[in-house]
Amino acid sequence: MADVINWDVARRTGIRRAKPGPDLPADERARIVERLREAAQRSVVLVAEATGLTGDGSLGETLVVDRTGIVRTNASVMALTMEKVATEQDEVPGFVASATGRVAGLVLGFLGTNILGQYEPFSQRLLLNAPAIERVRDAIGADLDDFTLWVCLHEQTHRQQFAAAPWLPDYLLRLMQGLAGSTTGQEKATVASALRKLKNPAASIPGEITAVMSLLEGYADMLMDQAGAAVIGSLPSIRKSFDQRRAESHLGFQGLINRLFGLAMKHRQYADGKKFCEAVCREVGLEGLNRAFAAPEYLPTEEELHNPSAWVARLRLHEISEFLSENGVGAHGEPGKSPQ
């Protein structure tokens, strides 16, 4: 992998490019970190109660990191992902590896500046990006305790999703392998081909990835408000200011940069996924929506993402089929009778 991307160059470039948070005294930074840790712990119970999703009880590790920490972590995640999705290694000159390392570093720096937190399903680690969280909180004038809890509710919801769907990491990995050009063992994907397809986050991606990421992000966006409604007094103000900031991120030069690095695509996932989740909840409730995490076949397709009623109809067919199967009823309605 190091022959294609020089990850040392990528890390150094990313750290240089990531913008720091507000310039604060050491005691104020320590206070913010402590508030984040408290909010992360408090959000566990709130999310479990709000979602109704069940898991194995494993919470993994929660880390509050700075921009250096988020860059280094994402560099490791990117390197590991590249290794998983590519099965052969190309030999390339050192200057090419350095060049691709600088490109990867630009992506890492952008992520280190803009993402507030992330859940890593393969390591079961939850990362909270303290400088980015404080920068956004300060920009919208939100209360520290309210905003940190609100952010943690979103990220803890992701953790709960993966705990309820232990099959999901492998499913995502298979999708990424398909994106990189892997097949079922016939044609092996090279590292170079994986890089070409994965290096641009805003590139066209398969509908399956769009659908599942929209579900995950939209569900979390919906639940962070529902779980926080009773405990975050300034939530309406936070949501209004945050959504306005998100909408303005599409404008001007910054909007161009956001589209280049895929942030605009992520914002669409939030919006489309939230609309889908809210529509499904109106039809079959949150318990019905939670069936999406039962197995891969229950995930919405990209078409169903924009037609929630179609997903609900398919869900009901699944449930009828399961009921008949559990009761030993065949397709003709007679016990044990199968179609000829």
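Strands, such as the one that holds Val65, are DSSP runs of at least two residues in the E state, numbered from the N terminus. Val65 belongs to strand S1. The model described here is predicted.

The protein contains 14 helices and 3 strands. It has 340 residues, of which 46% count as buried. Long-range contacts dominate the count. Among contacts with a separation of 6 or more, 79% join residues 24 or more positions apart.

Confidence varies along the chain. The pLDDT of the protein averages 80, and 77% of the residues score at least 70. Among the elements, helix H6 (residues 144-164) has the highest mean pLDDT, 94. Helix H11 (residues 252-260) has the lowest, 42. The pLDDT is below 50 over residues 250-264, a stretch with 25 contacts in the model beyond near neighbours in sequence. Residues 331-340 also stay under 50. For these residues the model has 16 contacts beyond four places in sequence. Where pLDDT is low, the predicted coordinates should not be read in detail.

The strands form an open sheet of 3 strands in the order S1-S3-S2, with mixed pairing. Strand S1 (61-65) and strand S2 (117-120) each have a single partner strand and stand at the edges, so each has one side without a neighbour in the sheet. From one strand to the next, the twist averages 15°.

S2 and strand S3 (residues 125-129) run antiparallel and are joined by 4 bridges. Across this pair, Gly117 stands opposite Leu128 in S3. Tyr119 stands opposite Leu126, also in S3. In a regular strand, side chains alternate between the two faces of the sheet. In S2, Gly117 and Tyr119 point one way, whereas Gln118 and Glu120 point the other way. All four of these residues are buried.

The hairpin of S2 and S3 has 4 residues between the strands. Gln124 is found in this loop. Its phi is near 55°, a positive value in a residue other than glycine. Gln124 is partly exposed, because its relative accessible area of 34% falls between the 20% and 50% cut-offs.

At the other edge of the sheet, Val65 lies in S1. Val65 counts as buried because its relative accessibility is 13%, and the cut-off for burial is under 20%. Beyond four places in sequence, Val65 is in contact with Ile70, Leu127, Leu128, Asn129, Ala130 and Pro131. One of these partners, Ala130, is 65 residues from Val65 along the chain. The C-alpha atoms of Val65 and Ala130 are separated by 6.0 Å.

Ala130 is also one of the buried residues of helix H5. Helix H5 (residues 130-140) lies across S1 and S3. The helix runs at about 45° to S3. Of the 11 residues of H5, 8 are buried, so the helix is largely enclosed by the rest of the structure. The buried residues are Ala130, Pro131, Ala132, Ile133, Glu134, Val136, Arg137 and Ile140. Charged side chains are thus represented in this set, because Glu and Arg count as charged and Glu134 and Arg137 are among the buried residues. Gly141 follows H5 and has a positive phi, near 70°.

Helix packing was examined next. Two packed helices are described by the angle between their axes and the distance between the axes. Helix H2 (residues 26-51) and helix H9 (residues 207-228) pack at an angle of about 105°, with axes 10 Å apart. This angle makes H2 roughly perpendicular to H9, since the range for that term is 65 to 115 degrees. H2 contributes Leu46, Ala50 and Thr51 to the contact. H9 contributes Tyr219, Leu223 and Ala227. The residues of this contact divide into 5 nonpolar, 1 polar and no charged.

Thr157 touches residues from this same region. Thr157 lies in helix H6. At 0% relative accessibility, Thr157 counts as buried. Beyond its neighbours within four places in sequence, Thr157 is in contact with Val47, Thr51, Tyr219, Ala220 and Leu223. Among these partners, Thr51 also belongs to the H2 side of the H2 and H9 contact. Tyr219 and Leu223 belong to the H9 side.

How values were computed:
Residues are numbered from 1 along each chain as its sequence is written. Side-chain values use heavy atoms; hydrogens and water are left out. Axes are lines fitted to C-alpha atoms, for helices over the stretch in contact, and angles run from 0 to 180 degrees between N-to-C directions. Angles under 35 degrees count as roughly parallel, over 145 as roughly antiparallel, 65 to 115 as roughly perpendicular and the rest as oblique. Contact means heavy atoms within 4.5 Å. pLDDT is the predictor's confidence in each residue, from 0 to 100. Two strands pair if DSSP finds at least two bridges between them. Buried means under 20% relative accessible area, exposed over 50%, partly exposed in between (1.4 Å probe, protein chains only).
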